[in-house]
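Biologist: I am new to this structure and would like a close look at a single part of it. Could you take me through one helix, what lies at its ends and what it packs against?

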Amino acid sequence: MYVIVGLGNPGREYEGTRHNVGFMVVDELAEKYNIRINRRRHKAIEGKGIVGGENVVLVKPQTYMNLSGESVRKVIDYYKVDEKSKLIVISDDISLDVGMIRIRKKGSAGGHNGLKNIISHLGHDEFQRVRIGVGEKPSGYDLVDHVLGHFDREESELVEESVGRAVEAIEVIMAKGPDAAMNQFNKKGR
């Protein structure tokens, strides 16, 4: 069983913001595989289903970004999943251009508070992640305003494409492993 966690903030006011691309990917997976994400537990909304022949739990933490680890820890403990091989976390990344994606098997939080909290609650950084570029904050902008801001029309199109590619990347991670996914999706440009 895989646990696939999309990071974001709960509430209508955060829908479609840069910080919520993780939720967007989980929603896209749910739609593609007809999985209903409607069960509230583990400080999250989750849904169980099958992706590519594998049992999955799709998770959208409802703790707000900075406390995502509380939810992830509860889900991992409940389902008794090996987080080093069966956890995939999807997050935004301001160090990547809008629309780019990067897959990693482990690594630091890179300044991302949601990832930082997950690392803290798991006690290690060895879990798979799919990072989606949301662009660097413009000069003079507050970082919080940037990540909680919405995409412009051109960026929205790029993000929509990257959400689809992120779903494909997750399918490759599950079918062929993270190295195959990194080889296929971690390319220059989009």
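Modeller: Helix α6 is followed by G177, a residue whose phi is positive, near 100°, and, as with everything described here, this comes from a predicted model. The helix itself covers residues 153-176, and because a helix is expected to rise 1.5 Å a residue, its 24 residues should span 34 Å, which agrees with the 34 Å that separate its end C-alpha atoms. At the start of α6, a side-chain oxygen of D152 comes to within 3.2 Å of the backbone nitrogen of E154.

Turning to the partner of this helix, the axes of α1 and α6 come within 9 Å and cross at roughly 65°, and the crossing in which α1 passes α6 is right-handed. On the α1 side the contact is made by V21, M24, V25, E28, L29 and K32, which meet V159, V163, A166, V167, I170 and E171 of α6. Sorted by character, the residues of this contact comprise nine nonpolar and three charged ones, with no polar residue. An α-helix has 3.6 residues a turn, so residues three or four places apart point the same way.

M24 of α1 also leads to T17, which is in contact with M24, V147, L148, G149, H150 and F151, leaving aside residues up to four places away in sequence. T17 sits in the loop between β1 (2-6) and α1 (21-32), and it counts as buried because its relative accessibility is 0%, where buried means under 20%. A polar atom of the T17 side chain lies 2.7 Å from the backbone oxygen of Y14.

Technical notes:
Residues are numbered from 1 along each chain as its sequence is written. This is a predicted model: local features need pLDDT of at least 70, side-chain atom pairs count only at pLDDT 80 or more; totals for chains, interfaces and linings use all residues. Side-chain values use heavy atoms; hydrogens and water are left out. Helices (H or I, at least four residues) and strands (E, at least two) are DSSP runs, numbered from the N terminus. Buried means under 20% relative accessible area, exposed over 50%, partly exposed in between (1.4 Å probe, protein chains only). A polar contact is a pair of N or O atoms within 3.5 Å; within protein, one must be able to donate a hydrogen and the other to accept it, and residues adjacent in sequence count only if both atoms are side-chain atoms. Contact means heavy atoms within 4.5 Å. The expected span of a helix is 1.5 Å times one less than its number of residues. Axes are lines fitted to C-alpha atoms, for helices over the stretch in contact, and angles run from 0 to 180 degrees between N-to-C directions. A crossing is left-handed if the near helix is turned anticlockwise from the far one by less than a right angle, and right-handed if clockwise. Ala, Val, Leu, Ile, Met, Phe, Trp, Tyr, Cys and Pro count as nonpolar, Asp, Glu, Lys and Arg as charged, and the others, Gly among them, as polar.
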